[in-house]
Amino acid sequence: RERLGIPSNIDILGAIDAMPPERAAEAHAVVSDWENEAAGLARPQEDAVALLDYLQDRGVTLGVLTRNTLTTAHITLANAGLSRYFKPENILGRDCAEPKPHPGGILVLLNRWGARPEQAVMVGDYIHDSRAGRAAGVGTILIERKGPSGWEGEADHLLQTLSPGALAN
């Protein structure tokens, strides 16, 4: 944000899209480089692995919808050891669908799965996740690992952990 001159209270992708085309292309490259660098350091949250094992054992179809690029999503999942949980066609980045909070990526996944919105849940840790889920008509779970985020009215459920026991409640 600092390098691009984008204040912290402004959506970074929206700010880039509002730039003149040449500047936007440069800014997207800066963001992609930073995302790929961070993806190289990705490690799984312990409770995420437990949850993914739990869901996989029950035959739940899983997808990833990220505001990062598809390449970055694959790097992140590989470095975190989580690729095995997701079919490649069920991983979408901002270059595959309109970025969250737009519901387009969720609707793409639902269509691929032949599922209705009431059969799905969007789990995320940022307001864009909840807003995309609500706009798509799916249930929403907001993970607030560091305590209240101020977005409590934005999700159907608020949790501090991804442990299977927390989701069962």
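# Strands, cores and side-chain pairs

Student: How many bridges join β3 to β4?
Tutor: The model discussed here is a predicted one. In it, β3 and β4 run parallel. The number of bridges that join these two strands is four.

Student: Which residue in β4 stands opposite Val123?
Tutor: Val123 belongs to β3, where Val121 and Val123 point to one face and are not buried. Met122 and Gly124, in the alternating pattern of this strand, point to the other face and are buried. The residue in β4 that stands opposite Val123 is Ile141.

Student: What is the order of the strands in the open sheet?
Tutor: The sheet has three strands, and their pairing is parallel. β3 (121-124) and β5 each pair on one side only, and these are the edge strands. From one strand to the next, the twist averages 20 degrees. The order is therefore β3-β4-β5.

Student: Which residue in β5 is the bridge partner of Leu142?
Tutor: β4 and β5 pair in the parallel sense, over three bridges. In β5, the bridge partner of Leu142 is Leu158.

Student: At about what angle does α6 run to β4?
Tutor: Helix α6 comprises residues 127-136. This helix lies across β3 and β4. Its angle to β4 is about 175 degrees.

Student: Which element gives the largest share of the largest nonpolar core?
Tutor: This core has 19 residues, and Leu52, Leu62, Leu77, Leu82, Tyr85, Phe86 and Ile91 touch the most other members. The elements that give two or more residues to the core are α3 (46-57), α4 (70-80) and β4 (139-143). The largest share is four residues, and the element that gives them is α3.

Student: How many residues does the other core have?
Tutor: The other core lies apart from the largest one. Among its members are Leu92, Leu109, Met122 and Val138. Met122 is also one of the buried residues of β3. The number of residues in this other core is 10.

Student: Which residues does Ile91 touch, not counting those up to four places away in sequence?
Tutor: Ile91 is among the residues that touch the most other members of the largest core. Leaving aside residues up to four places away in sequence, Ile91 touches Val64, Leu70, Ala73, His74, Leu77 and Phe86.

Student: Is Ser32 buried or exposed?
Tutor: Ser32 has its place in helix α2 (residues 21-39). Not counting residues up to four places away in sequence, Ser32 touches Thr69, Thr72 and Arg94. Its relative accessibility is 17%, and the limit for a buried residue is under 20%. Ser32 therefore counts as buried.

Student: How far apart in sequence are Asp11 and Arg67?
Tutor: The side chains of Asp11 and Arg67 meet in a salt bridge, at 2.4 Å from N to O. Asp11 lies in the segment before α1 (12-17), whereas Arg67 lies in the loop between β1 (64-65) and α4. Asp11 counts as partly exposed at 28% relative accessibility, while Arg67 counts as buried at 15%. The pair links distant parts of the chain, and its separation is 56 residues.

Student: With which residue does Lys100 form a salt bridge?
Tutor: Lys100 lies in the loop between β2 (91-92) and α5 (104-113), and its partner is in helix α6, so the pair ties together parts that are 29 residues apart in sequence. Both residues of the pair are buried. The closest N and O atoms are 2.4 Å apart, and the partner of Lys100 is Asp129.

Student: How far apart are the closest N and O atoms of Arg134 and Asp156?
Tutor: Arg134 lies in helix α6 and Asp156 in the loop between β4 and β5 (157-159), so this pair ties together parts 22 residues apart in sequence. Arg134 counts as partly exposed at 38% relative accessibility, and Asp156 is partly exposed with a relative accessible area of 40%. The two residues form a salt bridge, in which the closest N and O atoms are apart by 3.3 Å.

Student: How many salt bridges does a search of the whole structure find?
Tutor: The pair of Arg134 and Asp156 is one salt bridge, and that of Lys100 and Asp129 is another. For the whole structure, the search gives a count of seven.

Student: Are the planes of Tyr126 and Trp151 stacked or edge-to-face?
Tutor: Tyr126 lies in the loop between β3 and α6, and Trp151 in the loop between β4 and β5, 25 residues apart. Their ring centres are 4.8 Å apart, and their planes stand at 80 degrees. Planes over 60 degrees apart count as edge-to-face. The pair is therefore edge-to-face.

Notes. Residues numbered from 1 in each chain as written. Predicted model: local features only at pLDDT ≥ 70, side-chain atom pairs only at ≥ 80, totals over all residues. Heavy atoms only, no water. Core = buried A, V, L, I, M, F, W, Y, C linked by side-chain atoms within 4.5 Å. Buried < 20%, exposed > 50% of the residue type's maximum accessible area, 1.4 Å probe, protein only. Contact = heavy atoms within 4.5 Å. Salt bridge = Lys/Arg side-chain N within 4 Å of Asp/Glu carboxyl O. Pairing = 2+ DSSP bridges. Axes fitted to C-alpha atoms, helices over the stretch in contact; angles between N-to-C directions. Phe/Tyr/Trp six-rings, centres within 6.5 Å; stacked < 30°, edge-to-face > 60°.
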